[in-house]
Amino acid sequence: MLTDSQRFQPFTPKPISLIGEGGEWLAPFALKLPDELLQRFYRDMLASRLLDERLSTLQRLGKVSFIAPAAGHEAAQVALAQAVTVGVDWLFPYYRDSALVLALGIPAREIVAQSMATKADPNKGRQMPAHFGSKAINLFAVASPIASHLAPAVGTAISIKLTGSEQVVIASFGEGATSEGDFHAAINFAGVQGAPIVFVCQNNRYAISVDYHKQTAAETIAAKAVAYGMPGYLVDGMDVLASYFVLHEAIARARAGHGPALVELQVYRYGPHSSADDDARYRPREEVEAWRRRDPLKRLARFLERRGLYSESWESELRAELSEQLAQAAKEAEQAGPVPTDWLFDDVYAEPLPHLVAQRAEL
Ligand SMILES: Cc1ncc(C[n+]2csc(CCOP(=O)(O)OP(=O)(O)O)c2C)c(N)n1
């Protein structure tokens, strides 16, 4: 945990930022993270950007039916992956969390196979593309109805509190989710119960075509925390280190028994909402370009460069290595072949019911 003088103040009107646009360190405390971790952040962010591009190509080739690009959200998600204790904490992600899932260690082969519904998908092709889940690392499978995962996340956190284990629950969602009744019911009860959960809102300003000001009259999402009796942190989510330190702090607080927190990470989605969306119909190109100048990868590259941890040759070697790994992962995912249709009967009942046995035989 941070010392008192380093602690971030919740409810600041300005987002917490630790890396300046030019890559300068802005914080009032010395950075003590190992160089390997700083480079790891960059590597994970770049891997996610490249995974996005690959999934987009597969979608255009007709091999994946739907994508939800994460470009622009990488810093927030990669920071979250490093702030949790993988395999101990419980994560309730949403469909745009592919950078998080990849950085948590889910192999790219499985992520692509999940979107292609091939046999290499551990979840047997039963979910919509971009709806990952992993029993092995306590990653709750993504649910399509917005905010519907928040009540189960709070329930999980309450059960953790009752059993006295030191796990923390993380629930991730977009700002659109905060207009759902499920959000209010869940976060309110988390506050009342003092549940060890961190609500992570990735505010990219648009819920498909609905812009932030049509979503809420509140200046920030973080401000809503006041009404639920918990700290709310407003963070520059394009700044990987600000995201990391704040998430780390909120998670440590919850683990130490101090209850829930709401963290708003301000990000921007560079691509369309999904492959079924044309964002040019509701967003001016100049706005997208302005946010591209604040690209989280470029900002971290400048920061690393100042510390002698980045060079163009390192970048191109890394790109080549990650592209090769992703190409291999996509190949393996595809070569596994489509899931057999009769898998849909598996895992439904412990003892299959007679009519399902008959239907399977007929199929
Ligand atoms: C209850 C519900 N209403 C509507 C939808 C359709 N829908 C899918 S994604 C989405 C936008 C959500 O936006 P946000 O929560 O801000 O996340 P973002 O996609 O911007 O990351 C909507 C309206 C849905 N899946 N569930």
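Visitor: By class, what makes up the shell around the ligand?
Guide: The shell has eight nonpolar, five polar and three charged residues, where Ala, Val, Leu, Ile, Met, Phe, Trp, Tyr, Cys and Pro count as nonpolar, Asp, Glu, Lys and Arg as charged, and the others, Gly among them, as polar. This is a predicted model, in which local features need pLDDT of at least 70 and side-chain atom pairs pLDDT 80 or more, while totals for chains, interfaces and linings use all residues. Residues are numbered from 1 along each chain as its sequence is written, and side-chain values use heavy atoms, without hydrogens and water.

Visitor: Which residues of the shell are closest to the ligand?
Guide: Tyr94, Tyr95, Arg96, Gly176 and Tyr206 are the closest of the 16 that surround the ligand; a residue counts as near if one of its heavy atoms lies within 4 Å.

Visitor: Why is the approach of Tyr95 to the ligand called a polar contact?
Guide: A polar side-chain atom of Tyr95 lies 2.6 Å from a ligand oxygen atom, and a pair of N or O atoms within 3.5 Å is a polar contact, so the pair qualifies. Backbone N or O atoms also come within that limit: one of Ile146 is 3.0 Å from a ligand nitrogen atom, and one of Ala177 is 3.3 Å from a ligand oxygen atom. The protein covers 71% of the 590 Å² of accessible area (Shrake-Rupley, 1.4 Å probe) that the ligand has on its own.

Visitor: What makes the largest cavity a cavity, and which elements line it?
Guide: On a 1 Å grid over the protein atoms alone, a 1.4 Å probe fits there but cannot get out, so the space is called a cavity. The whole structure has one such cavity of 30 Å³ or more, and the largest holds about 100 Å³. Its lining includes Asp52, Phe66, Tyr95 and Phe132. The elements giving two or more residues to this lining are α1 (35-60) and α4 (108-116). Nine lining residues are nonpolar, two polar and one charged.

Visitor: By class, what lines the largest pocket?
Guide: Five nonpolar, five polar and six charged residues line the largest pocket, whose volume is about 330 Å³. Helix α1 gives the largest share, six residues.

Visitor: Why is the pair of Phe29 and Phe245 given the name it has?
Guide: The ring centres of Phe29 and Phe245 lie 5.3 Å apart, with the planes at 75°, so the pair is edge-to-face; the limits are 6.5 Å for centres and over 60 degrees for planes. Phe29 lies in the segment before α1 and Phe245 in helix α8 (residues 240-255), 216 residues apart.

Methods:
Polar contact = N/O pair within 3.5 Å; in protein donor to acceptor, adjacent residues only side chain to side chain. 1 Å grid on protein atoms, 1.4 Å probe; cavity = no way out; pocket = protein on both sides within 12 Å on 5 of 7 lines; lining within 4 Å. Points joined across faces, edges and corners; volume = space filled by probe spheres on them. Helix = DSSP H or I, 4+ residues; strand = E, 2+ residues; numbered from the N terminus. Phe/Tyr/Trp six-rings, centres within 6.5 Å; stacked < 30°, edge-to-face > 60°.
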